[in-house]
Structures are given as C-alpha cells and as structure tokens.
Amino acid sequence: MNDTLFGTVYLVGAGPGDPDLLTVKAQRLISNCDAIVYDSLVPNEILSLVKASCECIFVGKRRNKHSVPQPKTNELLLELVKSFKCIVRLKGGDPFVFGRGGEEAAYLSGKGVSVEVVPGVTSGIAASAYMGIPLTHRLCGSSVTFVTGHEGFNKKIPSVNWKELAKSSDSIVIYMGVHNLRYIVEQLLINGLNPLMPVAVIQQATVKGQRYLKSTLAEIVGQVEKEKFESPAIVIVGSVVNYQVSECAPTPSNVTMPISF
Ligand SMILES: C[S@@+](CC[C@H](N)C(=O)[O-])C[C@H]1O[C@@H](n2cnc3c(N)ncnc32)[C@H](O)[C@@H]1O
C-alpha cells in the first residue's frame, strides 16, 4: 500500500431515491465521510446527511453527455485519497448494477487504493416492489434478467442478446430503456415474444412524481410516447406483471429526484 494513499474509497449504493431505503451502513458512511463524490440520481435529502465539513463533489452524468468523463472521476477519487481518510463514492441504486462501480473499483484497486463496496437497493428491484409486481412467481416467473436498454440501434454488435433473452428469461427488467423502447420491443417481438405479453413502465419508482403504465408489447411504445414517459424509468416485461398486488406497494417518498439522465 502506497503511504500517500491513506484514505479508503467506499463505493456506496444510495438506493433508488427513497431515503428510507438507504442501508444502515450507507447512512453511517455518508454521515461520517470527509469527502463525497455523487451522481445525478441521488436526492438532496440523502446528501444533506453529510457533516458540515464534508467536501461534496458532483460528477453526475446526463444522457448522451457526461458532465465529468469517467477517467476524470477515477483520477479525482485517486486525488482525494491523498487528502481524506473516508471518501464516499455515492451512486444511485447499487454501485455494481449498471453503475460503472466495477470500473472505478478496478481502477482504484489497481493504483493500490483501499476500496470497499457497499451494496444498495437496485432500482429494478425497488420499481417492482413499489408497484407490487413480483419479479418471480411460481406460476409464471422462474427466471429474471436485468438488462440495459441503453444500446442497440447505434452499436455495430449489440451486447444484449435480445434473441436469447426473449427465449430464455421469463421476466425481463430493463434499465435505461425508455428512449430505446421501440427498438427493444421490436427485438423481443421478432424473436418470438407474444404481442400480448404484459409490460409495465415505472418512472421515478420510489419518489414524488412516480408514474406507472401497464400495457402489452404491441401497445406499449405508443402509450409511452403519448403519455411522455421519461427517464429514470424501469420497464418490466413478463407475465409476472399480471400478478401485481397493488395493495402491498409502499407509498412513494415525498422527496424529488433529478429527472434528466
Ligand atoms: C445508470 S443506471 C443506474 C442503475 C443503478 N445503479 C441501480 O442499481 O438502480 C440508471 C437507470 O436506473 C434506473 N433508475 C434509477 N433510479 C430509478 C428510479 N428511482 N425509478 C426508476 N428507474 C430508476 C433507470 O432505468 C435509469 O435510467
């Protein structure tokens, strides 16, 4: 271990917005850290837990626009461990689910920095819970896949194998899928999914501004466009959507989250 790197970076999951979904460990670290580097999908109510002397740095990303490029964020974290003991790298949801946590952990670890991951409630799990939709069900959902929708039409070789997914996963939970929904639905239909397969779209799942749409694969794109659904949203495809128990869904928190991503 390099002596000049005396701090530890905690890659902390902030959960999906509702501050009540923070883990006890995340809350303790946020309240005690010396510096915090945070992303877009973190409400002020969570950031306000930091102590007055904490150095707060925003490195949030917007869709198609990285306000701070990833290499710069990596370098920033490396700089911070030279001056601070406890650094929280706070990410929405879980840091290892579509959050580039793996890249940051590998970079820091490769430089000899002490780094620790603190898992958070990922938005795919939270969105289903806040709608009362079980992601698995003994009658129709024996498998579930988490997938990014933020790729496809402009990639030469898409890294999501929609063909195999359509055949193999009962429930499909799509992150960052709203802007690319037409392409995704097209892929699922041409690869054999039933046009009547139920689909749920959940925007701002756990906070003020929560919106919900239930439809079918055949109809969902038109409805999402008509009702102007936006990021951040989770799309759930699968028969499990029909097993919704709305009565068990928690009330969304009154906090607001940034909507552009
Ligand atoms: C870059 S990914 C980050 C995922 C995050 N690491 C997680 O575990 O939830 C951003 C996407 O997560 C989803 N997301 C995050 N927060 C959400 C929320 N409160 N409601 C619905 N979707 C959310 C959206 O699909 C959004 O486009």
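## Exercises on a two-sheet model

Strand E1 is mostly covered, with 5 of its 6 residues buried. Here "buried" means that 20 or more other C-beta atoms lie within 10 Å of a residue's own, "exposed" means 12 or fewer, and "partly exposed" is in between, with C-beta atoms placed from the backbone. Helices (H or I, at least four residues) and strands (E, at least two) are DSSP runs, numbered from the N terminus.

A quick word on the model: it's predicted, so local features need pLDDT of at least 70 and side-chain atom pairs count only at pLDDT 80 or more, while totals for chains, interfaces and linings use all residues. Residues are numbered from 1 along each chain as its sequence is written.

**Exercise 1.** Work out which strands E1 pairs with, and in what sense.

*Solution.*
- Step 1: fix the criterion. Two strands pair if DSSP finds at least two bridges between them.
- Step 2: take E6. E1 and E6 run parallel and are joined by 6 bridges. Tyr-10 has Val-88 as its bridge partner in E6, and Gly-13 stands opposite Lys-91 in E6.
- Step 3: take E7. The pairing of E1 with E7 is parallel too, over 5 bridges; Val-9 is partnered by Val-115 of E7.

**Exercise 2.** Place E1 in its sheet and find the edge strands.

*Solution.*
- Step 1: write down the order. The open sheet has 5 strands, E3-E2-E6-E1-E7, with parallel pairing.
- Step 2: look at the ends. Strand E3 (55–58) and E7 are the edge strands, and each pairs on one side only.
- Step 3: add the twist, which averages 20° from one strand to the next. For such angles, axes are lines fitted to C-alpha atoms (for helices over the stretch in contact), and values run from 0 to 180 degrees between N-to-C directions.

**Exercise 3.** Which side of helix H1 is buried, and what covers the buried residues?

*Solution.*
- Step 1: list the buried residues of H1 (residues 24–32): Ala-26, Leu-29 and Ile-30.
- Step 2: check their directions. They span an arc of only 100° around the axis, so they sit on the same side of H1; the arc is that of the directions from the helix axis to the C-beta atoms.
- Step 3: turn to the other side of H1, where Val-24 and Ser-31 are exposed.
- Step 4: find the cover. It includes strand E1 (8–13), strand E2 (35–38), helix H2 (44–47), strand E6 (86–91) and strand E7 (114–118). Contact means C-beta atoms, placed from the backbone, within 7 Å.

**Exercise 4.** Describe the sheet that holds E10 and E11.

*Solution.*
- Step 1: this open sheet has 5 strands in the order E8-E9-E12-E10-E11, with mixed pairing.
- Step 2: its edge strands are E8 (144–148) and E11 (211–216), each pairing on one side only.
- Step 3: zoom in on one pair. Strand E10 (residues 198–203) and E11 are antiparallel over 6 bridges, with Ser-215 in E11 as the bridge partner of Val-199.

**Exercise 5.** Decide why the chain's radius of gyration fits a compact globule.

*Solution.*
- Step 1: apply the rule, 2.2 Å times the number of residues to the power 0.38, with the radius taken over C-alpha atoms.
- Step 2: compare. For 261 residues a compact globule would come out near 18 Å, and the protein chain has 19 Å, which agrees.
- Step 3: add the burial total: 41% of the 261 residues are buried.

Technical notes: Two residues are in contact if their C-beta atoms, placed from the backbone, lie within 7 Å.
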